[in-house]
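User: I should like to learn how to read burial, contacts and backbone features in a protein model. Could we work through one case together?

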Amino acid sequence: MNKILLVEDDREISAMLENFLMTESYEVVTAFDGKSACEKFFADKFSLVLLDLMIPEMNGMKVMRKIRENDTVPIIIVSAKDSDSDKTLGLGLGADDYITKPFSVTEVLARIKANIRRNTQYVTGVSDQHPILKKGNLAMNLDDYSVTKNGGRIELTSKEFEILKLLLKNPTKVYTKEQMYSQVWNDAYYGDENAVNVHISRLRNKIEDNPREPKYIVTVWGIGYKLGEMKDE
C-alpha cells in the first residue's frame, strides 16, 4: 500500500482528502504544520508528499527544502497561491507538480497516481535492450536508474531522469514543450510552460559544467529542446 504524507493546516480539507484517498487504498499520514511534517517524514517512508505552502511554524517551501536535501520522493504542492512566480519557485525548489485550490479530488488522485507510477519506475528500474545511454561525460544506466558524470553519481528526481532519458534515447529529435510535457508527465498539456522550463533549469544545474552555456540540453529557440552535439567519452 502506498503511503502519502498529507500536509494541510485546513482540517476540513485535510479530512476530505484523507478520507477520499483511503477509499482509494492509500495509507495517509496527516500533518498540520511544517515542523510536525518534517518530523513525520523523516521518521517513516512515504511514496509521495502532498504539501500546502501556507502552513504554520515552518512554511511549505522550507519543508520542501529540508526534504529535498535528503530525498527525491515525489512532492505535489497543493496551494491557493496560483501566480506564475509561486509555481516557478515551488517547482524550482524541487516540487514535481503543482495543483491550485480549489481543486477536484479526482484531479488530485490522477496526479498522485501519475507521480507515484513515474517514481516507481525510476526507483525499481526497467530493463532495456540498451541499458547504458551515453553522451559526453554523462552515462545513464537504465537497469539501476543511475546517472553519472565523470564517474560521479548525480541524484535526479524521477521527472528530471525521464526528461534526460527522453533526450538521450532520441539524440537528434527536437522536442517542443508540449511534446516533452505529454511524454514525461503523461498528462495533457494546457500551455503552462513553467513545469518544463523549471525542470530543465534544475536538470541543467545538475549536469552541465556551466548551466548558462549548456552543452547537454540545448534550447532550440522558438521550438523547444534537444540533446547537444558532442562526442561520447
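Analyst: Let us begin with burial. A residue counts as buried when its relative accessible area is under 20%, and as exposed when that value is over 50%. The model shown here is predicted. K165 has a relative accessible area of 16%, so it is buried. The place of K165 is in helix α6.

User: Which residues are in contact with K165, leaving aside its neighbours within four places in sequence?

Analyst: Contact means heavy atoms within 4.5 Å. With sequence neighbours up to four places away set aside, K165 is in contact with L133, M140, L142 and Y145. Y145 is 20 residues from K165 along the chain, and their C-alpha atoms are separated by 9.8 Å.

User: L133 is among those contacts. Is L133 buried or exposed?

Analyst: L133 is buried, since its relative accessible area is 12%. L133 belongs to strand β6, which spans residues 132-135. Beyond four places in sequence, the contacts of L133 are L138, A139, M140, L142, K165, L168 and K169. A separation along the chain can also be set beside one in space: L133 and V196 are 63 residues apart in sequence, and 22 Å lies between their C-alpha atoms.

User: What does helix α6 show at E160?

Analyst: E160 lies in α6, which covers residues 158-169. E160 counts as buried because its relative accessibility is 0%. Apart from neighbours within four places, E160 is in contact with E155, H199, R202, L203 and K206.

User: How should one read the pattern of buried residues along a helix?

Analyst: The general idea rests on helical geometry. An α-helix has 3.6 residues a turn, so residues three or four places apart point the same way. Helix α3 (residues 60-68) is the case here, with G60, M61, V63, M64, I67 and R68 buried. These residues cover an arc of only 160° around the axis, and therefore they are on the same side of α3.

User: What covers the buried residues of α3?

Analyst: The cover includes two helices, α2 (34-42) and α4 (84-92), together with two strands, β3 (48-51) and β4 (75-79).

User: Where in the backbone is there a cis peptide bond?

Analyst: Omega is the angle to inspect. K101 and P102 are joined by a cis peptide bond, with omega at about -5°. P102 is in the loop that runs between β5 (97-100) and α5 (105-124).

User: Which residues other than glycine have a positive phi?

Analyst: S25 is one of them, with phi near 70°. Its place is the loop between α1 (11-23) and β2 (27-31). N150 also has a positive phi, of about 55°, although it is not a glycine. N150 lies in the loop between β8 (146-149) and β9 (152-154). N150 counts as exposed because its relative accessibility is 58%.

User: Is Y26, in the loop between α1 and β2, buried or exposed?

Analyst: The cut-off used above applies again. At 9% relative accessibility, Y26 counts as buried. Not counting residues up to four places away in sequence, Y26 touches M1, N2, I4, L21, L109, I112, K113 and I116. For a separation in space, take Y26 and T157: they are 131 residues apart along the chain, and their C-alpha atoms are 22 Å apart.

User: How does one read the protein chain as a whole?

Analyst: One may start with secondary structure: the protein chain has 8 helices and 12 strands. The next quantity is the radius of gyration. A compact globule of 233 residues would have a value near 17 Å, so the 18 Å of the protein chain agrees with that expectation. Along the principal axes, the C-alpha atoms fill a box of roughly 55 × 35 × 30 Å.

User: What share of the residues counts as buried, and what share of the contacts joins residues at least 24 apart?

Analyst: Of the 233 residues, 49% count as buried. Among contacts between residues at least 6 apart in sequence, 57% join residues at least 24 apart.

User: What can be said of the surface and the charges?

Analyst: The accessible surface comes to about 11500 Å², and carbon and sulfur atoms account for 48% of that area. The protein chain has 32 positive and 36 negative charges, and the mean positions of the two sets are 5 Å apart.

Methods
Residues numbered from 1 in each chain as written. Predicted model: local features only at pLDDT ≥ 70, side-chain atom pairs only at ≥ 80, totals over all residues. Heavy atoms only, no water. Helix = DSSP H or I, 4+ residues; strand = E, 2+ residues; numbered from the N terminus. Rg over C-alpha atoms; globule rule 2.2 N^0.38 Å. Buried < 20%, exposed > 50% of the residue type's maximum accessible area, 1.4 Å probe, protein only. Areas by Shrake-Rupley, 256 points an atom, 1.4 Å probe, with all protein chains shown as cover. Lys, Arg positive; Asp, Glu negative; His and termini not counted. Charge placed at Lys NZ, Arg CZ, Asp CG, Glu CD. Arc of directions from axis to C-beta.
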